[in-house]
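Welcome! Here are some short exercises for practising how to read a protein model, each with a worked solution. Keep the structure open while you work.

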Amino acid sequence: MSKLDKKLSDETKASQEQRGNNLLNNKILKNFIKSKWYPGIFQLFVGIVFAFIVFELLTGPDEAHDNFGTAGTWVLWWPILPILLFLTGRFWCAICPFGALSDVVQKFVGSKKPVPKFLRKYGVWLIDAMFLAITWSDHVFGVVESPRGSGTLLLLITIGVIFSGAFWERRTWCRYLCFLGGLSGNYSRAGMLQLRGTKDICAKCTAAHCYKGSERAEGCPMFEFPKTMEDNAECNFCGNCVKNCPNNSIQISLRPPTKELWFIRKPRLDASFLAVVIMGIVFVQNITMLEIWDGMLAWLENVTGTQNYAITFTITFIIAMAIPVALLSITGLVAKTFNKASLKENFTKYGYALIPLDMAAHIAHNLFHLLAEGKSVFYTFIELFGVEIQHTSSAILDDPTIQAFQFILIAIGTLGSIYTVYKISKNNYESKKVSTTIVYSILLILLAVVNIMLFSLPMAMRM
């Protein structure tokens, strides 16, 4: 069997499996998604909660541990988000208050100009830069620990969303500028939910209502065309294509985690770079919460001759970002001797393999905040009603139990990344799949060991 025949056979088999697994076969779910209530009912609820959170951040108690806005944002929503991305893809983006705000602004005052070529070409790099800048600002200016800082950040993002919605078509902000959208896109690639058009049905369709829109709903807000979709990085499950398709071609199905990463046909350097630096960001977030950070900070102050925290943290931040980039580059050079691919090609393809471990490490880090500080959400909410509760701890579980969960997550993420490496190698370098897999597995095990070492140390709380 030729490679082309095998590819067509695999696609036919995958299409048949997807059809049998199509969640839209459930008439209740399908009718709900096609109704006017979806996703509006969720957007309304999330919008009300968001407005209240921002109000509380800007007008509530100055101290983070007393402010419900801080607890609701950084102790509850932020830790749960990557778990939602794993389970439901970018569904959060369908109900996100920023996306809904962009839709409203565009409806009433939007000029709906085409997305600038600069954004189309460099949007993901801008997302990468914004993600790094916000993480840096958090540590230097204490955004998370300051309710006013968190509120100001959300207001600045709101201004950006309004500007984007007023000038450019569809959800330009969400697709090309939102730092959270970039993170969501990467994580959704490893997630369990996917949306696709049925290839044999779409091949006969000339209407393209799924992209252009119809009287039933607007076209895809994320500029996606289900007929040609190969990944779910930009799909937010808004349901517009389900509403618009006259042929019932759209399928929403469950899939094995990480499966999408095995068959990336056109890997992007900017997406791989984001996957790599996320590992560095997790390192920074962990290190700055450990007792050893004070010693490292004192050493840096002695070496640099300054006590300016912005300078010393910036040095730490750059090093933390550079380490995983350098390690993946070195590994790519070693792998080059086996698979004969260029350094850029190896970096781009195998950067995606870090995503499962990224997600596991991210969830593991946030799990500490959720389980060690989770009760603060309840305490600060009750205090909104003038009820004072005497409490000595905000922890839901003790540290050893939390660490056990963290170690398990890192182990699962490592196995997921190693298997992804194997599948990428098999699909691209069949004759050298074993040697290439071994080379990258060594890197992944090293990153896992570093994460386990950091999670094994006592962490300081934010609330």
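The side chain of Asn339 reaches the backbone nitrogen of Ala341 at 3.0 Å. Remember as you go that this is a predicted model.

**Exercise 1.** Find where Asn339 sits, and decide whether Asn339 is buried or exposed.

*Solution.*
- Step 1: Look for Asn339 in helix H16.
- Step 2: Check the accessibility. Asn339 counts as buried because its relative accessibility is 7%, and the cut-off for buried is under 20%.
- Step 3: Look for partners beyond four places in sequence. Asn339 is in contact with Asn346, Tyr350, Tyr429, Lys432 and Thr436.

**Exercise 2.** Describe helix H16, its length and its two ends.

*Solution.*
- Step 1: H16 covers residues 309-339, which makes 31 residues.
- Step 2: From first C-alpha to last, H16 reaches 44 Å, close to the expected 45 Å.
- Step 3: At the N-terminal end, Asn308 acts as the cap, with a side-chain oxygen 2.9 Å from the backbone nitrogen of Ala310.
- Step 4: Just after H16, Lys340 has a positive phi of about 65°.

**Exercise 3.** Work out which residues of H16 are buried, and which helices they pack against.

*Solution.*
- Step 1: Begin with the general rule. An α-helix has 3.6 residues a turn, so residues three or four places apart point the same way.
- Step 2: Now list buried residues of H16; among them are Thr312, Phe313, Thr316, Phe317, Ala320, Met321, Pro324 and Leu328.
- Step 3: Find the partners. The buried residues of H16 pack against helices H7 (117-141), H14 (269-287), H15 (292-304), H17 (343-351) and H21 (433-455).

**Exercise 4.** Say how strands E1 and E2 are arranged.

*Solution.*
- Step 1: E1 (residues 193-197) and E2 run antiparallel, joined by 5 bridges.
- Step 2: Pick out one pair: Arg196 is opposite Gln251 in E2.
- Step 3: Look at the cover on E2 (residues 250-254), where 4 of the 5 residues are buried.

**Exercise 5.** Name the domains and say how far apart their centres lie.

*Solution.*
- Step 1: The domain assignment gives domain 1 (17-59 + 90-190 + 193-254) and domain 2 (264-456).
- Step 2: Their C-alpha centres are 26 Å apart.
- Step 3: Domain 1 gives 19 residues to the contact and domain 2 gives 27 residues.

**Exercise 6.** Decide where to read the model with care.

*Solution.*
- Step 1: The chain has a mean pLDDT of 91, with 95% of its residues at 70 or more.
- Step 2: Over residues 1-5, pLDDT stays under 50.
- Step 3: Where pLDDT is low, the predicted coordinates should not be read in detail.

Key: Residues are numbered from 1 along each chain as its sequence is written. This is a predicted model: local features need pLDDT of at least 70, side-chain atom pairs count only at pLDDT 80 or more; totals for chains, interfaces and linings use all residues. Side-chain values use heavy atoms; hydrogens and water are left out. The expected span of a helix is 1.5 Å times one less than its number of residues. Buried means under 20% relative accessible area, exposed over 50%, partly exposed in between (1.4 Å probe, protein chains only). Contact means heavy atoms within 4.5 Å. A polar contact is a pair of N or O atoms within 3.5 Å; within protein, one must be able to donate a hydrogen and the other to accept it, and residues adjacent in sequence count only if both atoms are side-chain atoms. pLDDT is the predictor's confidence in each residue, from 0 to 100. Two strands pair if DSSP finds at least two bridges between them. Domain bounds come from an automatic or database domain assignment.
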